[in-house]
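Colleague: Got a minute to walk me through this model? I'd like to start with the strands and then move on to a helix.

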Amino acid sequence: MPDVRIKTPNLDEIFEKWKQRSIRSDKKKMEKQFGTKGAIFSLDAVSAAEYVKDTQKEAAIYFAIKKTVGAVPKGTEEKIVLAPRVPRETFYSFKGKSNVNKDNWKGDDKVPTYETLQTISCKNCSGKGYIEGRCKTCKGTGKIEEKLTILSGEDQKKEDKLFSYPCGVCYGTGTSKEQCRDCGGHKNMYKYQILPVPFKTVVTGIPVLTSSAQTRYEKEIERDLHQMIEEVEGIRFNDFKDLESKAEPSLGYWNKNIKKTIGTAGSDYKTYSKDKDAQITTQIYLFPMIQMFCETKKGTKFEIYSLGSANKFMIYSNF
Ligand SMILES: [Zn+2]
Ligand SMILES: [Zn+2]
């Protein structure tokens, strides 16, 4: 980008524009403040040379951003719990509901979502709730075998016989069932997701103006620029470093306030650049700003501000 010095509008041009606008909006007031009794009022007689008492050259920096409010937080979390823990969790549901206004939302940005609740069969016990094994009491035989002593005849001859009966632990099956330690005997585990609340996304365009002139029109100028940025000529920059190094030669004048203003705008710009919900949507504009301090014949003081180059500028006044 070549170093082009921007031409600031001269006082007469600014004053002329202000005069034309003022006569259109309130002719009576103009006549009262600038007219001479007995003479026919002529706008030509109202000159900058006569009424502008002082001027100051300032600058303004402008850029616009787009901010997304209610951007969906990223990532999901999954939980796997035992059955008795499920009713202890609080679930949320947004099914069939409209998106949530973030300003009205009380709660976390991510919540356990009812629709994601799923039953998963326990792997450890294959969904049976128990582990089947050999009965420890009967060693898997289903029977208990014991020695039975019989004394026979007069001489009580001792004789041993085998006595076998079904195992009372496994009911004679030889197998026993032990509660599965993973699922606590509930056969399943329960899985659910902690999902972002479906917030309504609101994208707003925000104009950002920083000026060294300390006018009361900042908000108004900001709004105007947001709508008619093409109506005003400024010097455009793609990055702030460039603006910092070229501001003074581009404007052709300099003061402490301008330097401070550039610093402030630069740090705001940096903040917006880092904000993941914000997006800078325009180039950075540097505008010459002329502040004119005026006084009418009646002694009424007022100010006129111009913003822009000699080619295209806007004016503001508290007249
Ligand atoms: Zn047994
Ligand atoms: Zn299990």
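Modeller: Sure! Strand 1 and strand 10 (residues 202–211) are antiparallel partners over 10 bridges. Strands are DSSP E runs of at least two residues and helices are H or I runs of at least four, numbered from the N terminus; two strands pair if DSSP finds at least two bridges between them.

Colleague: Before we go on, what should I know about the model and its numbering?

Modeller: It is a predicted model, where local features need pLDDT of at least 70, side-chain atom pairs count only at pLDDT 80 or more, and totals for chains, interfaces and linings use all residues. Residues are numbered from 1 along each chain as its sequence is written, with chains lettered from A and ligands numbered from 1 in the order in which they are written.

Colleague: Thanks. Which residue is the bridge partner of K66 in strand 10?

Modeller: That's G205.

Colleague: And how many bridges join strand 1 to strand 12?

Modeller: 3, again antiparallel, with strand 12 covering residues 278–280. There, K67 has A278 as its bridge partner.

Colleague: New topic: which residues of helix 1 are buried?

Modeller: I14, F15, W18 and S22. Buried means 20 or more other C-beta atoms within 10 Å of the residue's own, exposed 12 or fewer, partly exposed in between, with C-beta atoms placed from the backbone.

Colleague: Why do they line one face?

Modeller: Down the axis of helix 1, the buried residues fall within an arc of 95 degrees, so they line one face; the arc is that of the directions from the helix axis to the C-beta atoms.

Colleague: What does the face turned away carry?

Modeller: The exposed residues D12, Q20 and R24.
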